[in-house]
Amino acid sequence: MLITFEGIEGCGKSTQAKLLHEFLAAHGYDAVLTREPGWGRLGELIRTLILEEREVELDPVSELCLFCADRAQHVKDFISPCLKDGKIVICDRYFDSTVVYQGYGRRLDMRFVNKAAKASTLGTVPELTFLLNLPVRKGLSRLRGRGDITKMDEEPLEFHELIRQGYMVVARREPERIIKINADRSVEDIHGDIKSIVLSRLS
Ligand SMILES: Nc1ncnc2c1ncn2[C@@H]1O[C@H](COP(=O)(O)OP(=O)(O)OP(=O)(O)O)[C@@H](O)[C@H]1O
Ligand SMILES: [Mg+2]
C-alpha cells in the first residue's frame, strides 16, 4: 500500500509521515518512509538542482521534467520493489505535488503537466493521500520556526496561495483517495486522525 502526504510548505507533512511510520512499525507493520524529491543518487542531484542551486534559474518546463525524472527513478528503484515485497510505503510528497506546483503554481499547460506527472508514477498511484490543509501564512511561519528554507519556500505569498487552491481542486476530483485533514491543530490530534483512517483502510 502506498500512502502519500501532500500540502503547502510547512503544513506538517514530514512530521506526520514520520509519526505514521513509527506508529505502523511499532504495531508490527512492514513500513518504509521515503520522500520526494531526493531518493538515491539521481534524486540527490536533482533535489540540489531544484531546491538549492541558485545560479541556474530553472525554466518551469525544466523544473517539471526534473521532478518527473526524480519520481520515475524513485518508483522504479525503490517504491515499486517495496510494494512488491508487501511493504507499506509512506511517501512525503508524490505526483500530486507536481500537478499542483507545476500546473497551478507555475501555470504550465494543465494537460501536459497531468500527463507528465501520471507518466512519472510508472502506473503506481497511491491508495491513500493525506492533504494537510493549513493557511499559507501559518505554514510559512512554522517554517521560519524550523529554519532550513529552500528556494520553493521563498516564493511569494501568491504562489503559495495558488498551491493551496490547486490542492483543493485536485482533492475534489478524487475524494476517495485524497483525504483532507485540518492541519491547524496539534501534532497529536492530526496524527490521531491519520492513524485511525490508515487502520480502517488496512483492515
Ligand atoms: N501541528 C503542528 N503545530 C505546530 N507546529 C507544527 C505542527 N506540525 C509540524 N509543526 C512544525 O512546523 C514545522 C514544519 O513542519 P514539517 O517540517 O513537518 O512541515 P513540511 O510540510 O514537511 O514542510 P516542507 O514543505 O518544508 O517539507 C516544523 O518545525 C514542525 O516541528
Ligand atoms: Mg517536509
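By class, the residues in the shell around ligand 1 split into 4 nonpolar, 7 polar and 4 charged. Keep in mind from the start that this is a predicted model.

## Around the ligand

Let's stay with that shell for a moment. Of the 15 residues around ligand 1, the ones that come nearest are Gly-12, Ser-14, Thr-15, Arg-142 and Arg-146. Which helices supply at least two residues each of the shell around ligand 1? They are helix 1 (13-26), helix 6 (136-146) and helix 8 (187-202). Helix 6 gives the largest share, with 4 residues of the shell.

Helix 6 is also home to Lys-138. With 14 C-beta neighbours inside 10 Å, Lys-138 counts as partly exposed. Look along the chain from there to Leu-128: the two residues are 10 apart in sequence, and their C-alpha atoms are separated by 25 Å.

Helix 8, for its part, holds Ile-197. Here the count is 15 C-beta neighbours inside 10 Å, so Ile-197 is partly exposed. Ile-197 and Phe-130 sit 67 residues apart in sequence, with 9.8 Å between their C-alpha atoms.

## Cys-11, just before helix 1

Now go to Cys-11, in the loop between strand 1 (2-6) and helix 1. Is Cys-11 buried or exposed? Cys-11 has 27 C-beta neighbours inside 10 Å, and since 20 or more is enough to be buried, Cys-11 counts as buried. Leaving out residues up to four places away in sequence, Cys-11 touches Leu-132, Leu-134, Gly-139 and Ala-183. There is also a long jump in sequence to point out: Cys-11 and Asn-182 are 171 residues apart along the chain, while their C-alpha atoms are separated by 9.8 Å.

## Helix 5 and its two partners

Next comes some helix packing. Two packed helices are described by the angle between their axes and the distance between the axes. Here are both numbers for two pairs that involve helix 5:

| Helix pair | Angle between axes | Distance between axes |
|---|---|---|
| Helix 3 (residues 60-84) and helix 5 (residues 110-120) | about 20° | 8 Å |
| Helix 4 and helix 5 | roughly 160° | within 9 Å |

Take helix 3 and helix 5 to begin with. How do they run relative to each other, parallel or antiparallel? Angles under 35 degrees count as roughly parallel, so helix 3 and helix 5 are roughly parallel to each other. Their crossing is right-handed. On the helix 3 side, the contact is made by Leu-64, Cys-68, Arg-71 and Ala-72, and on the helix 5 side by Val-113, Ala-116, Ala-117 and Ser-120. Sorted by class, the residues of this contact of helix 3 with helix 5 are 6 nonpolar, 1 polar and 1 charged.

Then there is helix 4 with helix 5. Their axes come within 9 Å and cross at roughly 160°. That makes helix 4 roughly antiparallel to helix 5, because angles over 145 degrees count that way. The crossing of helix 4 and helix 5 is right-handed. Helix 4 brings Phe-95, Thr-98, Val-99, Gln-102 and Gly-103 to the contact, while helix 5 brings Met-110, Val-113, Asn-114, Ala-117, Lys-118 and Ser-120. The residues of this contact of helix 4 with helix 5 divide into 5 nonpolar, 5 polar and 1 charged.

## Backbone details in the loops

A few loops have backbone features that you can look up in the model. Where is Pro-37? Pro-37 lies in the loop between strand 2 (31-35) and helix 2 (40-52). The peptide bond joining Glu-36 and Pro-37 is cis, with omega at about -10°.

Arg-93 is in the loop between strand 3 (88-92) and helix 4 (95-105). Arg-93 is not a glycine, yet its phi is positive, at about 75°. With 22 other C-beta atoms within 10 Å, Arg-93 is buried.

Leu-122 also has a positive phi without being a glycine, with a value near 50°. You'll find Leu-122 in the loop between helix 5 and strand 4 (128-133). What about its surroundings? Leu-122 has 14 C-beta neighbours inside 10 Å, so Leu-122 counts as partly exposed.

Technical notes: Residues are numbered from 1 along each chain as its sequence is written. Chains are lettered from A and ligands numbered from 1 in the order in which they are written. This is a predicted model: local features need pLDDT of at least 70, side-chain atom pairs count only at pLDDT 80 or more; totals for chains, interfaces and linings use all residues. A residue is near a molecule or strand if its C-beta atom, placed from the backbone, lies within 6 Å of it. Ala, Val, Leu, Ile, Met, Phe, Trp, Tyr, Cys and Pro count as nonpolar, Asp, Glu, Lys and Arg as charged, and the others, Gly among them, as polar. Axes are lines fitted to C-alpha atoms, for helices over the stretch in contact, and angles run from 0 to 180 degrees between N-to-C directions. Angles under 35 degrees count as roughly parallel, over 145 as roughly antiparallel, 65 to 115 as roughly perpendicular and the rest as oblique. A crossing is left-handed if the near helix is turned anticlockwise from the far one by less than a right angle, and right-handed if clockwise. Two residues are in contact if their C-beta atoms, placed from the backbone, lie within 7 Å. A residue is buried if 20 or more other C-beta atoms lie within 10 Å of its own, exposed if 12 or fewer, and partly exposed in between; C-beta atoms are placed from the backbone.
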